[in-house]
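Hello,

Here is the structure I promised to pass on. My notes on what turned up follow below it.

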Amino acid sequence: MHMADLGDISLHYRIDGDEGGMPVVFANSLGTDLRLWDPILPHLPSGLRILRFDKRGHGLSDAPDGPYAMGKLVTDAEKLMEHTGFTGAVFVGLSIGGMIAQGLAAKRMDLVRAAVLSNTAAKIGTREMWAERIAQVESQGMASAADATMQRWFSEPFRQTVEFRAWRNMFLRTPVQGWTGCAAAIAGTDFMSTTAALRLPLLAISGSVDGSTPPDLVKETADLVPGSSHELIRGAGHLPCVEKPEEYAAILTRFLRAQGL
C-alpha cells in the first residue's frame, strides 16, 4: 500500500506494470475504490505503467468532511500524477472519474495526452436530483441508496451472480462523507463548454443498460470533441469493466495501440 501526502489530503494509490511503459491513469466511480479496475488488468497488454488511486473520501484515502468541489478532485489527481511522475498519460476515467479526466485534460495538457471517458458525461443529472440523494444518504446511510444504485449500475443477470455481492458491499462501506462529498462535486459540475474546447485523442465507452449515464448521454459528450470515437458494450451497465472485462480491455487496448503502445 502506498500513500501520497499531497498537503491537504493523503491519497492511497497503486502502480502496476512495466517500469518505463506507457503511462496510464485510472480514476474510478462514485462508491468504488481502485479495485474497480482489477477485472480488466489481466487482459491488458504489456508495456503499460498503470497508476490507480482512491479519490478523496473513498477506499483507503482520507475522507474529510464535505462537500467537495470538482476542482479539488481534479487538483488531487494533478498532484498525485506529479508526485508519482506520471506525465503525458492516457487518463481513463469512469463516471465521476471521467469528469475528473475532462477537468484535468483541460487544465494540464502536459499530464493528459489522451482520454478515455467511460460511462460519464460533461454534466450528470441535476442539482435537485443530487440534493435528494445526498439528503437521503446523510439521514439514512449508504444502505438506503444501495438497491436503487445497484439497479442503475448492473444488468439483471449480473445482479444474480455471487460476484455482485462484492460490489454492493464496496458501495455500502464507502464513508458517508466521502460519497456525499463527491456527489456534491458531480452536482456542481457542467463541463459542456470546457470539454467542447478539448483537442486530444478521445474515446468514450458506454454500457447498453447503464441506468446512470445512458449511452446517448455518453455519446453526446464524446461528440463535443472533434475526432472522438464511441464504443458501446452491450448487456453491460454503469461498470462495464466489471461485467464485461475482456471486451472492455480489448476496446481500451485498441485505443492505447492507436496512441503508440
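Strand S5 pairs with strand S6 (residues 112-118) in the parallel sense, over six bridges. Within that pairing, valine 92 stands opposite valine 116 of S6. Please keep in mind that this is a predicted model.

S5 has a second neighbour. Strand S3 (residues 22-27) runs parallel to S5, and four bridges join the two. Here alanine 27 has glycine 93 of S5 as its bridge partner.

The link from S5 to S6 comes next. Together with helix H2 (residues 96-107), S5 and S6 make a β-α-β unit. That unit is right-handed.

Now burial. S5 spans residues 89-94, and six of its six residues are buried. Cover comes on both faces. Ala89, Phe91 and Gly93 are buried on one side. Val90, Val92 and Leu94 are buried on the other. So two residues already named for their bridges turn up again here: Gly93, the partner of alanine 27, and Val92, which stands opposite valine 116.

Then there is helix H5 (residues 163-172). Its buried residues are Phe164, Trp167, Arg168, Met170 and Phe171. Seen down the helix axis, they fall within an arc of 155 degrees, so they line one face of H5. What do these buried residues pack against? Three helices: H4 (143-153), H6 (176-187) and H9 (240-243). Note that Arg168 is among the buried residues of H5.

For a quick look, start with S5 and its bridges to S3 and to S6. Then turn to the buried face of H5.

Best wishes

Key. Residues are numbered from 1 along each chain as its sequence is written. This is a predicted model: local features need pLDDT of at least 70, side-chain atom pairs count only at pLDDT 80 or more; totals for chains, interfaces and linings use all residues. Side-chain values use heavy atoms; hydrogens and water are left out. Buried means under 20% relative accessible area, exposed over 50%, partly exposed in between (1.4 Å probe, protein chains only). The arc is that of the directions from the helix axis to the C-beta atoms. Contact means heavy atoms within 4.5 Å. Two strands pair if DSSP finds at least two bridges between them. A crossover is right-handed if, with the strands pointing away from the viewer, the path from the first strand over the helix to the second runs clockwise.
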